[in-house]
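Visitor: I would like a close look at a single part of this structure, set in the context of the whole chain. Please take it slowly and tie the values together.

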Amino acid sequence: MPVDFDKLFRDITKLKVVVIGDVMLDTYWWGDVDRISPEGPVPVVAVTNREHRVGGAGNVALNVRSLEGSVSVISIVGDDHEGEQLTKLMADKDIDTSFILKSSTRVTTNKIRIIGRNQQMMRLDAETTREIEEDHANELFRQLENCAGLKMPEVVILQDYNKGVLTEPFIKKIIDFCNANNIVCAADPKIKNFFAYKNVTLFKPNLKEVREGLQILSGVFTIDKMSEVHQLLKEKVLHKISLITMSEKGVFYESDDASGIISSHIRNIADVSGAGDTVIAVASLIYAVTKSVILMAEIANIAGGLVCEEVGTIAIDKQKLLAECKRLLVSPRV
């Protein structure tokens, strides 16, 4: 039966989503490069423009909003100018920031990218990476309870960038809460807490993280090999669905009743920054609406490729994604 993509995308607009994790400010200094510094063998970038964008878990929320889902963010920022900038950027995009806490003991993560000739020349990171205190974790969990009581979300997305918001005990409490309340819970992990996401609905690492987590040194990742990887992960994480991004090779998916590798579509790749944010956001929304693991993987794969065509962290364009789904998924398996 053909998929009605227009209806599918309309159904997404009815979803209520909560994103929990490390939010960050992405700062871009754009400029021209035409000489090498006499002070050292480095290019001189004559800055012509400065731009601030929403990054990290905030970018996941921005992708949800781009598809017109309702979204709230639960996180911590520093009590600083960057935190104010980031919160305002999110609020201006109609992201609910009322559950974000400020901390005087942390700084807001700010990744400053210096770009010349459309290439990243350098990145400067200002951040706090230590784990949040137990009191902060408890307060964030109360924010989740308050948010769930007010919004009644269908989806919770955990976006981990190893900046300390998602601690192991906090992760467990979130997933237990979601499972007890029949909420789809998706996780995009990093290696530090890789196996902490036990009993999550959707587990979305990339292949590099999988290799590090399972200590797989080498090998050709065929469908059979990836199914073995899924089983190894499932023994440790006890999740329902694996969605593993494989860079230019596409994505792998597996659940109890479906598995496969979907090849990436040919794109003019400019920048892979933020592609994982887009994939977890789109995959979570599609699965919540359809419960189809295959359709989830197909559309998330397309979305991840589309955002790589632009320089810098950007959210998915709804109309472009809809058009590409209609063009590329003429007879999708569901």
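Visitor: How many of the residues of α9 are buried, and why can this helix be called largely enclosed by the rest of the structure?

Guide: The model is a predicted one, and in it helix α9 covers residues 293-307. Of its 15 residues, 15 are buried, so α9 is largely enclosed by the rest of the structure, where buried means under 20% relative accessible area. From its first C-alpha to its last, α9 reaches 21 Å, close to the 21 Å expected at 1.5 Å a residue.

The helix numbered before it, α8, takes up residues 275-290, and because 16 residues at 1.5 Å each should span 22 Å, the 22 Å between its end C-alpha atoms agrees with that expectation. Helix α8 is mostly covered, with 13 of its 16 residues buried, and just after this helix K291 takes a positive phi of about 60°.

As for the setting, the chain's secondary structure comes to 10 helices and 14 strands, and 56% of its 334 residues count as buried. A compact globule of 334 residues would have a radius of gyration near 20 Å, which agrees with the 20 Å of this chain, while the C-alpha trace spans about 60 × 45 × 40 Å along its principal axes. Among contacts between residues at least 6 apart in sequence, 70% join residues at least 24 apart. The accessible surface of the chain comes to about 15100 Å², with 50% of that area belonging to carbon and sulfur atoms.

Terms used. Residues are numbered from 1 along each chain as its sequence is written. This is a predicted model: local features need pLDDT of at least 70, side-chain atom pairs count only at pLDDT 80 or more; totals for chains, interfaces and linings use all residues. Side-chain values use heavy atoms; hydrogens and water are left out. Helices (H or I, at least four residues) and strands (E, at least two) are DSSP runs, numbered from the N terminus. The expected span of a helix is 1.5 Å times one less than its number of residues. Buried means under 20% relative accessible area, exposed over 50%, partly exposed in between (1.4 Å probe, protein chains only). The radius of gyration is taken over C-alpha atoms; the globule rule is 2.2 Å times the number of residues to the power 0.38. Contact means heavy atoms within 4.5 Å. Accessible areas come from the Shrake-Rupley method with a 1.4 Å probe; for residues, only the protein chains shown count as cover.
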